[in-house]
Amino acid sequence: MADSSSSIVEAFVRHAEGTPEKPCLLFEGEEWSYEELRERAATFASALRSWGLNTGERVALFLGNSPDFLAAYLGTHVAGGVVVPVNTAYRRGELRHIFDDAGVQLCLTDGERRPELERVREDLPELQAVIETGEELDTFLNSAETGATELPDGEDLAVIAYTSGTTGRSKGAMLLHRNLVANIEAICEAWRWTADDHLLLTLPLFHTHGLTVGAHGTFFSGASAELHRSFDAARVYDALLGGTFTMFFGVPTMYTRLLREAKTREESPDPLRLYVAGSAALSPQAFDEFEKLFGERILERYGMTETGMNLTNPYDGERRSGTVGGPFPGQEARVVDIESREVLPAGEVGEIEVRGPHVFEGYWNRPDATKEVLGEDGWFRTEDLGSVSEDGYFTISGRTKELIISGGYNVYPREVEEVLEGHPGVAEVAVVGLPDEEYGEKVTAAVVRDDPELTEEEVKDFCQDDLAGFKKPREVFFVEELPRNALGKVQKHLVQESLVESKGEA
């Protein structure tokens, strides 16, 4: 799909000028045309400038799905600012780090999340303003003075998206406007996304899948989307029965719940043009069952915060269960030996590397971390293990580090362990991911107790203030000791094996 835009907002503005009355978003019964959303975004941009935002300064979006999220996202870019999307489940420790690290000057939030942000406000001297949707936002927008604004250049920084590190310290992935355009252009070409499409969008907008795929694709192609505040299986199933949608994107957990919902219904939706799954592996069982009940083979893809989308099963051709297909148009991917970095032959497992105009610029204020993952030849080290078949289908088989993917969200065990180690009744702890039918993996803690009276609920409750809900252990096992190697390092694979055995014997 050819487009001369240097930014997503430029493509959006072009569609708003060409088809101003066309519906862009439907949200809770309220329709937003392209022109209406453009006006809201332009007003937000003017208000930011009137407030004093300078080019390159950071604006955090810490709020749930809504048209105001997208208007603020576009408006920040029109004002020359950089967007920092923040996971709505994050608590004070995570918020403190992200806001401080990015040097956020202004944050748009909502009534549900503001109290959590206010708990760390005094620790964030650079955060000059917090604006809540509703009356505060209306007042802020009314302060806007009409002035000249310029669309961003492709080389300008657009987004700092935070992704957890193995030590628990989040790193901000810097995405330029041209990175975002290159990625969505490739996606639209590969998935045949056009202005005629109508997307059912229930993914969170703070997440790469929801924002840089769902929203960007809608804006870039001039299509329309129905935006939901969150995923609800019954509501989504009802919407699909309406027969107006052409696309739905989800994580495996969503598809598992849709399958469960389908089994309680007598009526089935007509097949859509495209169902896409990503953010974690979809089980072959769910893949086959979905095709039987919904009449469509899900297209699985593979992406990450630093790059957007990297690999996709074909739109035309075999959508092979258990694989994530091949590179998007204009991109490259390969599998290399972890030690030698030499390219491996088909079928051998190694680390997946990707290259192309979609790959991020680097980590915010972390040249050391950037150097570790970006080689001089432009290949990005994904730290994911996988292999590629003779005919070019990639399979993700694991991770070079200890990432847990639960419900489509990344959880690094060390971050959870550091919190649990702060409990006076915990002597040692190892956090691993165990297989889970609904979430793919569930966060599980093996705890050596100092206090023999310590209970599972007390361990879980201890995480309440410092970890998002999806990071908290779903199960806690108490063990006498943790398995270690000769160097004293905890052997996580043995922890996993012993916990799986314990569950089997229970």
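**Close-up 1. Helix 1 and helix 8 lie oblique to each other in this predicted model.** The label follows from the angle, because helix axes that cross at roughly 45 degrees fall outside the ranges counted as roughly parallel, antiparallel or perpendicular. The two partners are helix 1, residues 8–18, and helix 8, residues 208–221, and their axes come within 7 Å. Their crossing is left-handed. If you would like to find the contact yourself, look on helix 1 for I8, A11, F12 and H15, and on helix 8 for H216, F219, F220 and S221. Sorted by character, the residues of this contact comprise 5 nonpolar and 3 polar ones, with no charged residue. As a reading aid for such views, residues three or four places apart on an α-helix point the same way, because there are 3.6 residues a turn.

**Close-up 2. G222 sits in the loop between helix 8 and strand 10.** Strand 10 itself covers residues 224–227. Is G222 buried or exposed? With a relative accessible area of 3%, G222 is buried. Leaving aside residues up to four places away in sequence, the neighbours that G222 touches are H15, K22, Y34 and A195. One of these, H15, also belongs to the helix 1 side of the contact with helix 8. C24 is worth showing in this view too: 198 residues separate C24 from G222 along the chain, yet their C-alpha atoms are 7.7 Å apart.

**Close-up 3. C24 is a buried cysteine that takes part in no disulfide.** Its relative accessibility is 0%, so C24 counts as buried. Where is the nearest cysteine sulfur to that of C24? It belongs to C188 and is 13 Å away, whereas a disulfide would need the two sulfur atoms within 2.5 Å. If you are checking for disulfides elsewhere, a search of the whole structure finds 0. C463 can be shown as a companion panel: this cysteine is buried as well, with a relative accessible area of 0%.

**Close-up 4. Helix 10 is largely enclosed by the rest of the structure.** This helix spans residues 252–262, and it earns that description because 9 of its 11 residues are buried. Which residues of helix 10 are the buried ones? They are P252, T253, M254, Y255, T256, L258, L259, E261 and A262. What do these buried residues pack against? Their partners are two helices, helix 9 (233–241) and helix 11 (284–294), together with two strands, strand 11 (247–250) and strand 12 (274–277).

Definitions and conventions
Residues are numbered from 1 along each chain as its sequence is written. This is a predicted model: local features need pLDDT of at least 70, side-chain atom pairs count only at pLDDT 80 or more; totals for chains, interfaces and linings use all residues. Side-chain values use heavy atoms; hydrogens and water are left out. Axes are lines fitted to C-alpha atoms, for helices over the stretch in contact, and angles run from 0 to 180 degrees between N-to-C directions. Helices (H or I, at least four residues) and strands (E, at least two) are DSSP runs, numbered from the N terminus. Angles under 35 degrees count as roughly parallel, over 145 as roughly antiparallel, 65 to 115 as roughly perpendicular and the rest as oblique. A crossing is left-handed if the near helix is turned anticlockwise from the far one by less than a right angle, and right-handed if clockwise. Contact means heavy atoms within 4.5 Å. Ala, Val, Leu, Ile, Met, Phe, Trp, Tyr, Cys and Pro count as nonpolar, Asp, Glu, Lys and Arg as charged, and the others, Gly among them, as polar. Buried means under 20% relative accessible area, exposed over 50%, partly exposed in between (1.4 Å probe, protein chains only).
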